[in-house]
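User: I am new to reading protein models and would like to learn how to look at one with care. Could you take me through it feature by feature?

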Amino acid sequence: MNADISEKSFQKDIINYLTSTGYIKRVTKDYHTYTCLDIELVLNFIKTTQKKAWDKFYRIHKDKSDLKFIESLVNYIQKKGTIHVLRNGFKDISQFKLFYPMPNSNLNPELEENYKKNIFSIIDELQYEDRNNGNRLDLVIFINGIPVSTIELKNTFSQGVENAIKQYKEDRDPNESIFKRCLVHFAMSDEKIYMTTKLQGAKTKFLPFNKGINNPDVEGNYKTSYLYTEILQPNQLSRLINNFIFNEDGNIIFPRFHQLDCVNLLLKKPEPGYNYLIQHSAGSGKTKTIAWLAHGLLNKFDFNNNRVYDMVIVVSDRKVIDGQLQKQIKSIEKKRGIVDKIDKNSKQLAEAIKSGSNIVVTTLHKFSYILDEIKDVENRKYAVIIDEAHSSQTGSYARNLRKGLSNKEVDEFALDEAEDDIDEMIITELERARDTSNISFFAFTATPKSKTLEMFGYKNELGEYRPHHLYTMKQAIEEGFILDVLKNYLTYNTYFKLVKTVEDDPDFNEEKTKKVLRKFVEEHPHTIKTKSEIILDHFMNSTYYKIKGQARAMIVTSSRKEAVLYKLEIDRQIKNRKLPIKTLAAFTGSIEHDTVEYTENNINDIGNTSIEKAFKKDPYRILIVANKFQTGFDEPLLHTMYVDKMLNGVAAVQTLSRVNRIYPNKTDTLILDFVNDTDTIKKAFEPYYGETYLKEATNYHKLYELMDNIYEFDLFYEEDVNTFVKKYKSNTNQQVLHVLINKTVDNFKKLNEEEKVNFKKTVKRYQSIYSFLSQLLPFSDLEMEKLYIYNKFLTKKLPTVNKPLPYIVLEDVDMDSYKIDTDSEIKSISLGDSESGLSSISPNGSKYRPEEFNKLSQIIETLNETFKTDFTENDKVFLNTVKENMLQNEDLTNKVLHNSKENVEAVFDNYFDDEINSLINSNLDLFNKINGNERIRNELKSILLDEVYKQNRISNNIIN
């Protein structure tokens, strides 16, 4: 006899499994089509579990009690919805429960007994239409007689899952009561599963409910057997109803498989003291995953029926907490007062922690200001959920969070090294930051760097650090939750020719001169005019009509000044051409151009409306940005990006991903890049397309080498460090601290240029690695910590080593020609399927390189050879503005080593003004010859973020 490969056999296997694990098999005649209930089971559940309530109800309605109860229940379901009635029951004379949730603990045996009285049932071939030979559903799942899920089955020996989806869309009337009542509908084959919570005919949107892009093989069972062996099992289905499914703006929200799987995985460990890394791509529904996890952690109990976590703290490293995250966490809240939004100041956070709020949503940096206020808070156990785990989560801010929440009691052994009370205080702080046995961290990111993997990932038997849960960019793209931004990538080559305008051929630093000249070209009015014409022509001829005429575009510039220049030029062209669009510009602070000081407010003229809100409305169609909105900006109508900035690594991924959000009628995206080549972009995306892992841990012994290297410069000694730290920790007058540091500064000034550069690079590497490793070391090292504290103050006072950029070169050159080749074809950048391994932090930073001087004519020739010269006379323009690229200032980069890229803007404003003024004042004559001191100052400020990014990129090449 041949094997039975029919759909009926598939159906029978599912039913047999479910009935063997607690389900009752019912038949279609048990289903009442008008009420959409298995009435017998509903009444059986109520009368068995709530006798007192039923007796009270019966005294009023007598023999009509059954009918009246069903009428009342149907009315409540129609009014409030199935999930509301299952969770809250309803009241009619008595308060009735329609479902008993699985208890979080066994403190109350009655709750466990009630839970066991729930009736889980299944009907196959359910005829749901009130007519003869009506349509049938393959499987319907009921809880206590109330339908909660329908399933359409297809066997790939005959039909695929697509046929089940087609059946729901074309053959199932969404107005039938059962489709409105059920919480989720599954289209299932033996290969794949898709689900929806709302049938809308042909418009129905089915979401994948699979374990990956493809479901793995299951020995002796179907690939999709997890639906009935896991998801529909009474315990899991009960958790879904009680903790996951909710109503949002009239729509039922049901978790996708990876969201449910992730939360379940993270809730398995019953005790704090563990770190978890979740690598979830954009499009994963991270906000909802975090919300479900936060509430799940709060309601987690250990084997002794105690709460595993007293508080759940959701942390972002952005200054303005994502409003969507706050809203989402509160939307799942079952009781008022569970969630506390910390959206005012650090004092609000301190009060929330001291009062013992349940779930707190806040920013990372606030912890640095409340350490003293919360140090005496009673011992608590915390779950810390990190939204977007970037570099800041491994630096000084993260150390302060750990110190503030840790309840570590320092043992005598750890204090053996201490010589006095100050040493004991430092060791206590170190131990609290290092030993966080009362805290678990749950870090979410789409682009984990090596530090993040080592801090929060798990270490496998090969010594690799990997994420605990994975939802890749590749899966998000293939499942249709984000668009592939590399599918349509257009690069335009730029050509220009420079000529020398003086007879002399002076020597200039080649690298720095090239930067000045390139900046000169990019900010030249003809350059901006040419690119603006290309952008407007492309936008009006193509992008304008995308997404049914709603598409937006972003121009990514390399500086605030370029953002202003683009804004002014594009607005001029829009006015002259009478185009029906407007632009917006986003940048921090102010920038002066042609004696006018521009800010976001006066250049956009949108009143009190935010740029984000204005950009959603016509006629605002093009957003011009300078660093701002390159990360964290979520606008689904954004379709096209015009890139006029060098991008690399994580920054490239985060920037280009701004256009990947899906939206109705949005079928593609386009990147038009004036600067970067496709190989660079491909290299940036590859580590994050699949799983990212760290090959090996950082060797902490290298810290001792760095410490020895620092002392070998003979600028200060251990006793100097010890004296300074003790004075600082004793709240000594600031003047004394300056005097102690100044001795080292004086010694530093006596070094030659190479020694100065190497010393600063060595200190920078030590500070970066130690701030990270001090949270992971299996011990506390007092000497290392003191050197770290000393270096923090020393680096703020060390003078800059870098020589100013040679702006004088601009007096000696003109630009002979400029042209952009627009004949390029759109390319698709393909990424591989493999995982990507990152390297651990290297203690060896880049070393001093002597400046290479070259004749101006040779420098210009090199640039011209790079950018070619076959142009007409119409291309010729005169060079008359300053071209400057990233500043190479060691002090500036050192100040931002411990901040995420998202926080760099704030760091600039707080710490770098003095350094900029010093650089300008050292070359006042040259600056005045070009633009005047104030203008140059603002120009330099406008490119500072790019400079720090450049330095971070160099460091990241070593780290990653």
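**Reading the model with care**

Analyst: Over residues 949–960 the pLDDT (the predictor's confidence in each residue, from 0 to 100) stays under 50, and the model has 32 contacts (heavy atoms within 4.5 Å) beyond four places in sequence for this stretch. This is a predicted model, in which local features need pLDDT of at least 70, side-chain atom pairs count only at pLDDT 80 or more, and totals for chains, interfaces and linings use all residues. Residues are numbered from 1 along each chain as its sequence is written, and side-chain values use heavy atoms, with hydrogens and water left out.

User: How should I read such a stretch, and what is the average pLDDT of the protein?

Analyst: Where pLDDT is low, the predicted coordinates should not be read in detail. The protein averages a pLDDT of 81, and 76% of the residues score at least 70, while residues 909–943 have a pLDDT below 50, with 64 contacts beyond near neighbours in sequence.

User: How many helices and strands are there in the protein?

Analyst: Helices (H or I, at least four residues) and strands (E, at least two) are DSSP runs, numbered from the N terminus. The protein has 38 helices and 34 strands.

User: What does the sheet that includes strand 1 look like, and which strands stand at its edges?

Analyst: Two strands pair if DSSP finds at least two bridges between them. Here seven strands form an open sheet with mixed pairing, in the order 1-4-5-6-7-8-9. Strand 1 (24–26) and strand 9 (207–208) each have a single partner strand, so one side of each is left without a neighbour in the sheet. Strand 9 runs antiparallel to strand 8 (residues 193–196), joined by two bridges, and methionine 195 stands opposite leucine 207 in strand 9.

User: Is strand 17 buried or exposed?

Analyst: In a regular strand the side chains alternate between the two faces of the sheet. Buried means under 20% relative accessible area, exposed over 50%, and partly exposed in between (1.4 Å probe, protein chains only). Seven of the seven residues of strand 17 (residues 439–445) are buried, so this strand is largely enclosed by the rest of the structure. Ile439, Phe441, Ala443 and Thr445 lie on one side and Ser440, Phe442 and Phe444 on the other, so that both faces are covered.

User: Which strands are joined to strand 17?

Analyst: Strand 12 (residues 275–280) runs parallel to strand 17 and is joined to it by five bridges, and strand 16 (residues 382–387) is also parallel to strand 17, with six bridges. Valine 384 stands opposite phenylalanine 441 in strand 17.
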